[in-house]
Amino acid sequence: MAIGFRLNGREVRVDAPGDMPILWALRDILNLTGTKYGCGIGACGACTIHLDGKAVLACVVRLQEVAGREVTTIEGLDPDGNHPVQRAWAQLGVPQCGYCQTGQIMRAAALLAEKKNPTDAEIDEAMAVNICRCGCYQRIHAAVRLAATGV
Amino acid sequence: MQLRSFVELGDLRGSMPASAVPAAPTFLNVSRRAFLEALGLSGAFVLATASAARAAETWPTGGDAMPHGLVIDPKVFVAIAPDGTVTITAHRSEMGTGVRTSLPMVLADEMGADWAKVKIIQAPGDEPTYGNQDTDGSRSMRHHIQSMRLMGAAVRMMLERAAAGAWGVPVERVEARVHEVVEKGGTRRAGYGELAKAAMDLPVPAIKDIVLKPESAFRYIGKGVPLYDMKAIVTGKAIYGTDVRLPGMLFAVAVRPPVYGGKVKSFDARAAKAVPGVVDVIEIPGTPEPAAFMPMGGVAVVAKTTWAALQGREKLKVEWDDGPNASYDSDAYRKRMSEIAARPGKVVRNQGDVEKALAAAAKVITAEYYQPHMAHATMEVPNATAVVKNGRCECWAPAQSPYAVRKDLAKFLGLDIKDVTVHVTLLGGGFGRKSKGDFAIEAAYLSKVLGGVPVQMMWTREDDIRHGYYHTTSVERIEAGIDDKGKVIAWRHRSVAPTILSTFAPAEYQFPIELGMGLVDNPFDIPNIRCENGPIKNHVRIGWFRSVSNIPRAFAVQCFVAELAHALGRDHKEFLLELIGPPRKLDPLEMGIEGELWNYGDPYEVFPIDTGRLRAVVELACEKAGWGRRMPPRSGLGLAVHRSFLTYVASVAEVVVEKDGTVRIPRIDTAVDCGFPANPERIAAQFEGAAVMGMTLCFHSAVTFKNGRAEQSNYHDYEMVRMTNFPREVRVHIVPHRYTTPATGVGEPGVPPIAPAIANAIFAATGKRIRELPIDTRLLREA
């Protein structure tokens, strides 16, 4: 039975089991590979997407839960990379291998959508969901701050 | 020779960005043979033969001695399109160091290209064409900066000659500027695109005639450019191994023997096959121990989606024959390592007379340090996609060593290597795990069994943690003899650790590569030094992990120095500098090293152990960190220094130990001497990241075994440092050098000093001595 939802501003229908985590629907059926697998248990944040504007972990959100709702992936954040968070990431040279960064960017974008100017502790708390094995945290923190305030 | 893809490129491009598939641009119309003949060479170029005039700018490296050596051939690496687009081939794998940007950047600068007009394509695994591609050992910049410059300069000179020819003036009258050649004192100018065709028809200058730019004319080298893949990364378009999508491809996961060397006894696939979407269940043949990079065997579930494959795997019933490693128990193994370290081992360095000096010492201090296994836990799990049909194999993999993968694929599939292609995707982390191609062979085997259907094999995080090529576990025991004046007169260091060699052949002793990583190369100015290595058998696959044996060695040696300083009532920094001794270049022949010192594969005369540089990074890190400043209660500074991958690194960690034992790190100052810093901003990034990885292994990383089985499985029990508690500020201080101070390693040498610097800072803050990793912070709670 196909499940319908809005994906990056377009209506889509996916013919897949309702208990399939949306991560695999995005990656294997819809070919949107910007959302990454890292752990499959909601422990690393690599698969962070927005569901109705809030950051969620695509590896533990099931397809049936998104029916009729609004999903945004990195591909829909700003395809030209002009979202303030993406621009801050580029400006500060945040990525190393880059694999986790789409999840980091989606997390940061959701945080800033909710709080225009988060405190350091709020940035840490929100971003702590996401692991970066290359260890780019110092620049991630600075880039969130830059995206929020321009400095 | 570049093999053409037999999967239609059009199909691929329809479903994935073109960057995932190496395109085929027009390369300079100079045959490789002609170029090599112009060089007077028939194979890989040996840099040491370059003209005496450039001797100061040229030095031998270990690059020539690597398999397939260095290839310096603009035809292979550079193409110029009529519109001026310069295409440069990156032949080293990008796993986060920025090398895919940095090496082309060097070439582009030397040829006078405008970076905005440079396109980078990734070479497939083909060492006969590109030279060595094994992206490992922190070797890329130090082995290839010279060849990139020579190729860039050759292309620039050809463009200048083409312009001079077109204008009928001597070549001295023209000059390459940025992406164009201009007539000196004249008005004529021509863009690189316009000149490309004529330049291509000219002979390539002989290596002895190639003139490099003066250092003062560098525009990118030593300054840096933004990451080439930045936009693709931040928009989610970058293609890693897991992102390869082929028409009709299937997705596979597998169960593997829970114990290393185990075999499938029997399995029941009925329930798995009944899961909707599951296409097949296939046994992957194992490889007898030692398995090197061949698959460990198991049972794979192939399905239309990864989710269906995972569901099928849940339903799979497999009976295992565990084999002889089923008794592997980390606690028992640690005790054995400790017992072995308490006895004399094989002597691997013997300078002076340690026994006599220890007997004569006024005081002997002994300490033992332990580190457990670690898993690489790259954010992108091991994975590969393969198509095997019609006697050919095409594979896409996040491979650190794509030619090694290609050779192993050919061997496993019984194919000629010319019938195997390995495309290199971006790597979501490597750290040594992706030097091994076992996962690519699994993918290829499944595709073959399925008659040529494209298959993506993905390891889950659980597979990654439970079936790794683990960092060794080790006991390092050091004894120091001190005379009545407080001088260290004897140093005996025993190392016991299962060896990487055991992954390839039965072996219980470490080999020179491991011994050279902080054991026998100890630089201390102590008259009597003996290093010993006790034997122990492995029970898991041991592999390279970023920095390798340097991690436990730096931890033991640098913590022990702090212990000695404290016992003798000395300032740690002053005592460390005294142990290092006066600035000098050590003579390995006088160090009593058994056999030859392994100097990271590079010539010792170019890259000697220079205690002056070692001292200088200690001084620099301490100065920047404010060593000696008064610290509040339960706060402290800790210092460590270590030379690895030919680079000198000192770190000072500032810690605050909270009442509950939580250790916070407000700041780390790292001083780096890596010779000429070709891309300083990326170098800083590597050392910032190394501080985080160092903190992770300091507090979290342990894969332990019971009944031969790994006890950890995912990020919930194999934890990483996160932004809840990370090194808040990592300041990287790079020692400035001219180009003529050879560039050395960057990717790995930042890790080793971090754990001992933190451990020493914890002692300064709490008086609690740390001798085992990961640190149990419960022991640091305020009483």
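Buried means under 20% relative accessible area, exposed over 50%, and partly exposed in between, with a 1.4 Å probe and protein chains only. This is a predicted model, where local features need pLDDT of at least 70, side-chain atom pairs count only at pLDDT 80 or more, and totals for chains, interfaces and linings use all residues. Residues are numbered from 1 along each chain as its sequence is written, chains are lettered from A in the order in which they are written, and side-chain values use heavy atoms, leaving out hydrogens and water.

**Exercise 1.** Work out how much of chain A is buried, and what its contacts look like.

Step 1: take the 151 residues of chain A; buried ones make up 64%.

Step 2: now the contacts (heavy atoms within 4.5 Å). Of those in chain A between residues at least 6 apart in sequence, 57% join residues at least 24 apart.

Step 3: for overall extent, the C-alpha trace of chain A spans about 50 × 25 × 25 Å along its principal axes.

**Exercise 2.** Place K573(B) and say what its side chain pairs with.

Step 1: find K573(B) in helix α18, residues 572-580 of chain B. Helices here are DSSP runs of H or I with at least four residues, numbered from the N terminus.

Step 2: check burial. At a relative accessible area of 13%, K573(B) is buried.

Step 3: skip residues up to four places away in sequence, and K573(B) touches V618(B), E619(B), C622(B), W627(B) and L639(B).

Step 4: look at E619(B) again: its side chain makes a polar contact with that of K573(B), at 3.0 Å. That takes a pair of N or O atoms within 3.5 Å; within protein, one must be able to donate a hydrogen and the other to accept it, and residues adjacent in sequence count only if both atoms are side-chain atoms.

Definitions and conventions
Helices (H or I, at least four residues) and strands (E, at least two) are DSSP runs, numbered from the N terminus.
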